[in-house]
Amino acid sequence: MITLRSAREIEAIRRSGKITAAVLTVLMQMARPGMATRELDRIAERGIRERGGVPTFKGYRGFPASVCVSVNDEVVHGIPGTYVLRDGDLLSIDLGTTLDGYVSDSAITIGVGTVSQPAQQLLDVTQECLMLGVAKMRSGAHVGDIGAAVQEHAERHGYGVVRELVGHGVGREMHEEPQVPNYGRRGSGPLLRPGLVLAVEPMITQGDRAIVIREDGWTVVTADGKLAAHFEHTIVVTERGPRILTLREVGEHPSAEAFRPDAERNMAAL
Ligand code: MG
Ligand code: MG
């Protein structure tokens, strides 16, 4: 069942999303070579709780941490631990906040120190995939329009689109209907209507799209060992178009500006 959210509920998800965005911003700014990934988890949990939220991931199906930290060939669901970040690593950070019973979910991938040009391009294209998908979230469009936009942009650059993991509805629970694949056909899938809240989260690989799961039962890695990137926002469909509920104040994709509710920008270029 697909749930449409009331204005009051959307406001609650937005308040949760502000915490998620703020803590992701702190983590982006803190991550540096020499830091163990479990330190990021400590900062994240404290940051979420200090702002009145609860880390949604902690204990979710037994996940042991407040953030997923996925480095280089790790696609998603990496467990923070003793790994020490190195110059040139690609670092994906994914976190969720529950506030007053409402969930927000967002992820970013950043370069630690100086990354190679191919790695930077993978980051840029994956973030563009997210924004192109978000731009499709207009009333009357379909879930398949989002996936088609993501897939087209990724594949145009020769990248792989992970099939096994998908975006999702989000609200009272982290994972609600509908599923939001990062591939698909225009005009297919459920209709988008005002009040629908989705987490859109392209997972894009530098090489082949095949993935495997490590022995820890969580960490998803590329089968060929090549890099992966992951960006995610929680977005609501409104009468006036998509509104990102996890928008950050810094380090955001330039086109995200266009989705600010107070922006008067022309969306046509997206
Ligand atoms: Mg997430
Ligand atoms: Mg998600």
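Let's start with a spacing pattern: along the sequence, the residues that donate to the magnesium ion we call ligand 2 run D-x62-H-x32-E-x30-E. Before going on, please keep in mind that this is a predicted model.

So who are those donors? Asp 105 and Glu 201 each give an OD or OE oxygen respectively, His 168 offers its NE2, and Glu 232 comes in through OE, with distances of 2.1 to 2.2 Å. The pair of His 168 and Glu 232 links distant parts of the chain. His 168 sits in strand S7, residues 167-169, while Glu 232 is in the loop between strand S13 (228-230) and strand S14 (233-238), 64 residues apart. Both His 168 and Glu 232 are buried.

Now, the other metal. Which residues hold the magnesium ion we call ligand 1? Its protein donors are two OD entries from Asp 94, an OD from Asp 105 and an OE from Glu 232, lying 2.0 to 2.7 Å from the ion. Here the spacing in sequence reads D-x10-D-x126-E. You'll have heard Asp 105 come up again: Asp 105 bridges ligand 1 and ligand 2, and those two magnesium ions lie 3.2 Å apart. Asp 105 belongs to strand S5, residues 102-111, and Glu 232 to the loop between S13 and S14, so this pair ties together parts that are 127 residues apart in sequence.

Are these two residues buried or exposed? Asp 105 has a relative accessibility of 2%, so it counts as buried. Glu 232 comes out at 0%, so it counts as buried too. The cut-off for buried is under 20%.

Let me move away from the metals to Gln 151, in helix H4, which covers residues 143-156. Gln 151 has a relative accessible area of 15%, so Gln 151 is buried. Its side chain reaches the backbone nitrogen of Gly 184 at 3.1 Å. Setting aside neighbours within four places in sequence, Gln 151 is in contact with Val 161, Arg 163, Asn 182, Tyr 183 and Gly 184.

Last stop, the largest pocket, with a volume of about 540 Å³. There are 28 residues lining it, and the closest to its centre are Tyr 60, Arg 61, His 77, Leu 165 and His 175. Two elements give two or more residues to that lining, S7 and strand S8 (176-180). Which of the elements gives the most? That is S8, with 4 residues. By class, the lining has 13 nonpolar, 7 polar and 8 charged residues.

Thanks, everyone!

Technical notes. Residues are numbered from 1 along each chain as its sequence is written. Chains are lettered from A and ligands numbered from 1 in the order in which they are written. This is a predicted model: local features need pLDDT of at least 70, side-chain atom pairs count only at pLDDT 80 or more; totals for chains, interfaces and linings use all residues. Side-chain values use heavy atoms; hydrogens and water are left out. Donors are N, O and S atoms within 2.8 Å of the metal (3.2 Å for Na, K and Ca); water is not among the atoms, so sites may look incomplete. Buried means under 20% relative accessible area, exposed over 50%, partly exposed in between (1.4 Å probe, protein chains only). A polar contact is a pair of N or O atoms within 3.5 Å; within protein, one must be able to donate a hydrogen and the other to accept it, and residues adjacent in sequence count only if both atoms are side-chain atoms. Contact means heavy atoms within 4.5 Å. On a 1 Å grid over the protein atoms alone, a cavity is a set of points where a 1.4 Å probe fits but cannot get out, and a pocket is an open set with protein on both sides within 12 Å along at least five of seven lines; lining residues have an atom within 4 Å of a point. Grid points are joined across faces, edges and corners, and a volume is the space filled by probe spheres set on the points. Ala, Val, Leu, Ile, Met, Phe, Trp, Tyr, Cys and Pro count as nonpolar, Asp, Glu, Lys and Arg as charged, and the others, Gly among them, as polar.
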